[in-house]
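Visitor: Let's zoom in on one part and take it slowly. Pick a charged side chain you find worth a look, and walk me outward from there through the charges and loops around the chain.

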Amino acid sequence: FWAGITSIANRAFSMNSFLKEIEIPGKVVSIGYNAFGQCANLRKVKLNEGIREIMPYAFATCVNLKEIVIPKSITKISSETFCNCSSLEKVILPDGLETIEGGAFEKCTSLKEIKIPDSVTSMGYGTFRNCSSLEKITLPKGIRGIDDSMFAFCTNLKEIEIPSNIDNMIGNNAFAYCKGLEKVIINADFYSIGVKAFEECENLKEVQINSSEFSMHSYAFANCVSLEKVNLSGAYTIGAQCFSGCQNLKEVIIPNSFKVLKEDSFDFNILKYLIKKTDGTMMLVSDYKEITDIDTLFETKHFSNVFRYSDIASVFNDENKLKDNLKRIKELSEMGVVIPNAVVVDYEENIEELLYKDFKVMRHLIKLMEERDKITNLVDLYDLAEAMGIFEKESVTIKIKNKEVPVRDVAYTVLQGAFNH
């Protein structure tokens, strides 16, 4: 049968319901696209040494295939090669394998465990997505990132440890809907956790991230309803809705100097307090009664006045809240939190544009400000406003065109213009 055959053509045996067992000799160097796809009764496949290439979908939807051993002569498993092999229970991968392309084992719903050799340096999108029986996976030391949806919907995966060689990113939806996942340990100095990376991991209770500096994108841990404690001491940005729906979250350790904190990153109806401990540790907590070494306490309900709008100009929209809003910004800054968009514009560079908007008193306020230290942020502005008497009931005045004008009125006009320029 195999005399003179060195390759198997695309779709050569596709949808052959009579084929139950096949051994492919090593002299066949290439197995074509979808060559054995949808062979519903194929139960046993033996691949001999010498085969160099298996094309995409080669054994896709062979729903009765239970075991596959990949020979050492194969360095790449192509995309969707074994996808939808719903009875596949055992996969043995050789040392020397370098690449597993996207979806290679997607929807192998009977696969419980797989060891990926350290020689693998690349794993593609959705490699093990919807492997609903997968309980244990050992990630290779050769890969540098976890691609999008790689383990999404692996509902029986209970624990994952991400090794130190992952220095790139954990992709979007990488572990989304892993409903059995209880513990995540990240020992890598990676730089990013993608959008919805761990969304809807409803039994996830503990997350340990041992990385010095990383960012988290929106919805990264959204709706992880069992999550109680997270250490984010290495995070430098936390995106929108990262922990939305985490209704049992009680404690989050955040960096001592937080570069960006957004209003909707956490549910501040649950995490009611931002605490700075005497050792410098910063925490968001639901209750502080058992914490004895508190240095500074900030009620997170005040975040709404600071972070409600995307443009910091909104801080000045309500004159009655101006003092409180600036005061809260100062308090947060002193705790180490940097407010998004909180840098005041360079007045000199923007004079023409502001004057174009008919703020005729701009030059008078600039003159006042130039007599003090250069204002670079809203904390400086709060101190200046107090010094100028802007918050006093009887505000000081300056003379504009021989008319005494309250500095408070001038400040509001100019500040609103400056932040809306």
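**Glu80 and the charged pairs**

Guide: Start with the side chains of Glu80 and Ser79, which are joined by a polar contact of 3.5 Å. A polar contact here is a pair of N or O atoms within 3.5 Å; within protein, one must be able to donate a hydrogen and the other to accept it, and residues adjacent in sequence count only if both atoms are side-chain atoms. Before going on, the ground rules: this is a predicted model, where local features need pLDDT of at least 70 and side-chain atom pairs count only at pLDDT 80 or more, while totals for chains, interfaces and linings use all residues. Residues are numbered from 1 along each chain as its sequence is written, and side-chain values use heavy atoms, with hydrogens and water left out.

Back to Glu80, which sits in the loop between strand S7 (76-77) and strand S8 (90-92). Strands (E, at least two residues) and helices (H or I, at least four) are DSSP runs, numbered from the N terminus. Glu80 is buried but has no salt bridge, and its nearest side chain of opposite charge, Arg129, is 5.8 Å away. Buried means under 20% relative accessible area, exposed means over 50%, and partly exposed is what falls in between (1.4 Å probe, protein chains only). On charge, Lys and Arg count as positive and Asp and Glu as negative, with His and the chain ends not counted. A salt bridge needs a side-chain nitrogen of Lys or Arg within 4 Å of a carboxyl oxygen of Asp or Glu. The loop that holds Glu80 also holds Leu88. Leu88 has a relative accessible area of 0%, so it counts as buried. Its C-alpha atom is 9.4 Å from that of Arg43, and those two are 45 residues apart along the chain.

So what does Arg129 pair with? Arg129 forms a salt bridge with Glu106, with 2.9 Å between the closest N and O atoms. Arg129 is in the loop between strand S11 (122-123) and strand S12 (136-138), while Glu106 is in the loop between S9 and S10, so this pair ties together parts that are 23 residues apart in sequence. Both ends are covered: Arg129 counts as buried because its relative accessibility is 18%, and Glu106 counts as buried because its value is 11%.

Next along the S11 to S12 loop is Asn130. Asn130 has a phi near 65°, a positive value in a residue other than glycine. Most residues other than glycine have a negative phi. Asn130 is at 25% relative accessibility, so it counts as partly exposed.

By the salt-bridge rule, the count comes to five. Another of them pairs Lys76 with Glu101, whose closest N and O atoms are 3.6 Å apart. It links distant parts of the chain: Lys76 is in strand S7 and Glu101 in the loop between strand S9 (99-100) and strand S10 (113-115), 25 residues apart. Lys76 is partly exposed because its relative accessible area is 35%, and Glu101 gets that label at 25%.

Then there's Lys229 with Glu251, whose side chains meet in a salt bridge at 3.7 Å, N to O. This pair also links distant parts of the chain, with Lys229 in strand S19 (residues 229-231) and Glu251 in strand S21 (residues 251-254), 22 residues apart. Lys229 is partly exposed at 48% relative accessibility, and so is Glu251 at 21%.

Some charges gather without a partner: Glu159, Glu161, Glu182 and Glu206 form a negative surface patch. Patch members have over 30% relative accessible area and no salt bridge; like charges are joined within 9 Å, and nonpolar side chains (Val, Leu, Ile, Met, Phe, Trp, Tyr) within 5 Å. The place of a charge is NZ of Lys, CZ of Arg, CG of Asp or CD of Glu, and areas come from the Shrake-Rupley method with a 1.4 Å probe, only the protein chains shown counting as cover for residues. Glu159 belongs to strand S13 (residues 159-162) and is partly exposed at 43% relative accessibility.

One last stop is Met15, in the loop between strand S1 (7-8) and strand S2 (21-24). Met15 also has a positive phi, near 65°, and it is exposed at 59% relative accessibility. The C-alpha atoms of Met15 and Phe36 are 7.1 Å apart, although 21 residues separate them along the chain.
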